[in-house]
Amino acid sequence: MRLWHEQIIHLLPKNQLLGQHRECCALRGNGWKKKHKTVDYVFLYSPYYLFIYHSLVMDEMEKRGYKVSKEWRDKNYRGKKAENYNNLEEKIIDSPIYKEHDNEYLAECIENLRKKGIKLEL
């Protein structure tokens with residue numbers, strides 16, 4: 001489980017982009033606060049940050065012609081099995097959304113993809 005650096009979302013191949021959508025859905029739903037070494041930092045922030053990150057993923061999916069269930073565009077939605085938030089507080093969020101997504105993390109993501117045979121051109 002990994003959240004790709006937001007700078008490369010638009011470059012992700014189909015499988016990684018759609019996989020990222022599934023990861024975001026899981027984390028927004030009953031996966032919230034479930035420990036996982038690679039994404040534990042997400043839980044240090046309001047769930048609204050994940051909603052904003054997920055929105056970037058969904059925007060890219062729609063640019064490529066994929067359909068996204070409109071429910072996921074609701075900041076309070078958490079999937080069919082998790083209870084919705086009650087008016088999740090909106091925040092002004094800088095870029096990168098997660099401070100952990102620094103240049104070192106960007107290089108780590110690019111290397112991770114390279115090991116899978118995916119070469120990105122930034």
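Just after α3, G117 adopts a positive phi of about 85° in this predicted model. At the opposite end, where α3 starts, a side-chain oxygen of D102 comes to within 3.3 Å of the backbone nitrogen of E104. The length of the helix agrees with expectation: at 1.5 Å a residue, the 13 residues of α3 should span 18 Å, and the C-alpha atoms at its ends are 18 Å apart.

Four residues of α3, namely Y105, L106, C109 and L113, are buried. These residues lie on the same side of α3, because the arc they cover around the axis is only 105°. An α-helix has 3.6 residues a turn, so residues three or four places apart point the same way. N103, E104 and K115 are exposed on the other side of α3. The packing partner of the buried residues of α3 is α1.

The largest nonpolar core comprises 33 residues, of which L3, I8, V42, L50, Y53 and Y98 touch the most other members. Two or more residues of this core come from each of α1 (14-28), α2 (47-63) and α3 (103-115). The greatest contribution is that of α2, with six residues. In soluble globular proteins, nonpolar side chains tend to be buried together.

The contacts of L3 were examined further. With residues up to four places away in sequence not counted, L3 touches Q20, C24 and L27, then V39, Y41 and V42, as well as L50, Y53, Y98, H101, Y105 and C109. Among these partners of L3, Y105 and C109 are buried residues of α3, while V42, L50, Y53 and Y98 are, like L3, among the core residues that touch the most other members.

Definitions and conventions. Residues are numbered from 1 along each chain as its sequence is written. This is a predicted model: local features need pLDDT of at least 70, side-chain atom pairs count only at pLDDT 80 or more; totals for chains, interfaces and linings use all residues. Side-chain values use heavy atoms; hydrogens and water are left out. A nonpolar core is a set of buried Ala, Val, Leu, Ile, Met, Phe, Trp, Tyr and Cys residues joined through side-chain atoms within 4.5 Å. Buried means under 20% relative accessible area, exposed over 50%, partly exposed in between (1.4 Å probe, protein chains only). Contact means heavy atoms within 4.5 Å. The expected span of a helix is 1.5 Å times one less than its number of residues. The arc is that of the directions from the helix axis to the C-beta atoms. A polar contact is a pair of N or O atoms within 3.5 Å; within protein, one must be able to donate a hydrogen and the other to accept it, and residues adjacent in sequence count only if both atoms are side-chain atoms.
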